[in-house]
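Reader: I'd like to learn how to read a structure like this one. Can we go through it feature by feature?

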Amino acid sequence: MSATTIAKQPSTLRGARLPRWTPAVVALGSAAIAIAIGVGADLHSRIQWGLIAALLYIVASYVTAVAVEGKRQAKDRLATSLVWVMFLLAVVPLASLIYETIERGSTVFNGYFLTHSMGVIADDEPGGGIYHAILGTLEQVLLASLIAVPIGLLTAIYLVEYGRGKLAKVVTFFVDVMTGIPSIVAGLFVLSFWILILGFDFSGWAGAMALAILMMPVVVRSTEEMLKLVPNELREASLALGIPKWRTILKVVLPTAIGGITTGVMLAVARIAGETAPVLLLVWVNPMINTNPFEGSQASLPLYIYQQYAAGNQAGYDRAWAAALALIGFIMILNLAARGVARWKAPKTGR
């Protein structure tokens with residue numbers, strides 16, 4: 001028998017394999033059995049039904065794989081089933097939250113709501129909007145970014161490119177500590193120093209300083225990781241041409257990592273955009289439009305949501321859900337912008 005004939009013969013060493021549609025059939029069967037158990041046992045919670053279906057799916061996938069494919073392949077099927085179940089357990093609450101926010105927030109979410117403030121409207125009266133809160137949030141986040149981004153970026157460059165010895169270890173330690181600081185602590189720090197000791201008034205600038213404290217460690221950590229991903233060969237090639245180190249960082253390292261750095265900055269902005277405690281302590285509450293963040297109290301979207309929901313009436317609930325929908329949309333736009341910049345600035349691959 002020739003070598004060509006042997007090569008054309010199908011291999012008989014492969015074991016039995018389950019069809020590709022098996023996971024889908026097992027999932028449907030598990031869901032049907034879980035529904036039957038829930039109805040028969042009078043379980044009113046759909047969460048219980050889902051947990052029963054997930055458990056049945058894992059067990060049924062493993063048992064089926066053992067019977068057909070053997071224990072070795074069954075372990076792989078078991079790991080895959082666990083991954084899918086954990087993924088669904090994480091996605092379902094998120095999808096439920098987004099659906100609930102859209103359903104309840106869409107009742108008063110319109111152009112009038114986005115372009116008007118509360119003005120002289122009481123919290124228990126219908127009408128009003130979030131224009132003043134959107135304006136305050138944008139100004140406070142912008143000021144916090146102007147403070148935190150340069151400091152965080154330069155700190156990360158120092159740690160990656162220059163940091164050696166005890167000073168770098170101390171800086172790294174304090175960055176780690178600041179990463180875990182609760183937002184209320186940052187607000188209390190600025191309150192005690194800026195308002196109680198120095199005697200300044202409540203303002204959007206005071207809130208921006210507290211938000212900058214929360215934003216800085218996120219910027220430092222994300223930028224640091226992105227700079228570490230830049231190949232050392234690029235630095236060495238630039239230095240070999242006689243280019244100074246500062247210029248190598250500016251012209252070679254930062255442009256290579258700019259996509260990841262931008263993503264990290266956008267994620268840090270999204271993180272502080274939803275903070276309530278520092279704003280409540282330092283910015284206070286203002287139902288009117290205040291375009292000057294350096295004088296007088298302002299509003300913000302997180303504080304507006306808290307205030308309206310605390311009013312305890314249907315009009316306040318509707319405005320709170322609509323403001324939450326606007327905040328989610330704002331953060332989603334930031335994340336999409338970050339992904340777009342990261343893809344645009346990503347190093348081009350291919351021949």
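Reader: Let's start with one residue: is W284 buried, partly exposed or exposed?

Author: Some ground rules before that. This is a predicted model, where local features need pLDDT of at least 70 and side-chain atom pairs count only at pLDDT 80 or more, while totals for chains, interfaces and linings use all residues. Residues are numbered from 1 along each chain as its sequence is written, and side-chain values use heavy atoms, with hydrogens and water left out. As for burial, buried means under 20% relative accessible area, exposed means over 50%, and partly exposed is in between (1.4 Å probe, protein chains only). W284 has a relative accessible area of 48%, so it counts as partly exposed. You'll find W284 in the loop between α12 (277-282) and α13 (301-310). Its phi is near 70°, a positive value in a residue other than glycine.

Reader: What secondary structure does the protein chain have?

Author: Helices and strands are DSSP runs numbered from the N terminus: H or I over at least four residues for a helix, E over at least two for a strand. Here the protein chain has 14 helices and zero strands.

Reader: Is the protein chain a compact globule or more spread out?

Author: The radius of gyration is taken over C-alpha atoms, and the globule rule is 2.2 Å times the number of residues to the power 0.38. For 351 residues the rule gives 20 Å, but the protein chain comes in at 28 Å, well over that, so it is more spread out than a compact globule. Its C-alpha atoms fill a box of roughly 95 × 75 × 40 Å along the principal axes. Buried residues make up 36% of the 351.

Reader: At what angle do α6 and α11 pack?

Author: Axes are lines fitted to C-alpha atoms, for helices over the stretch in contact, and angles run from 0 to 180 degrees between N-to-C directions. Under 35 degrees is roughly parallel, over 145 roughly antiparallel, 65 to 115 roughly perpendicular, and the rest oblique. Helix α6 (residues 131-162) and helix α11 (residues 245-273) pack at about 135°, with axes 10 Å apart. That makes α6 oblique to α11.

Reader: Which kinds of residue make up the contact of α6 with α11?

Author: Contact means heavy atoms within 4.5 Å. For the classes, Ala, Val, Leu, Ile, Met, Phe, Trp, Tyr, Cys and Pro count as nonpolar, Asp, Glu, Lys and Arg as charged, and the others, Gly among them, as polar. Residues of α6, including V141 and L153, meet residues of α11, including W246 and V265. The contact of α6 with α11 divides into 15 nonpolar, one polar and two charged.

Reader: Where does S117 sit, and what does it touch?

Author: S117 is in the loop between α5 (111-115) and α6. It is buried, at 17% relative accessible area. Leaving out residues up to four places away in sequence, S117 touches G128, G129, Y131, H132, P287 and I289. S117 and I130 are 13 residues apart in sequence, yet 5.3 Å apart in space, C-alpha to C-alpha.

Reader: And R77, is it buried or exposed?

Author: R77 counts as buried, with 19% relative accessibility. It lies in helix α4 (residues 71-105). Beyond its neighbours within four places in sequence, R77 is in contact with L18, P23, A65 and E69.
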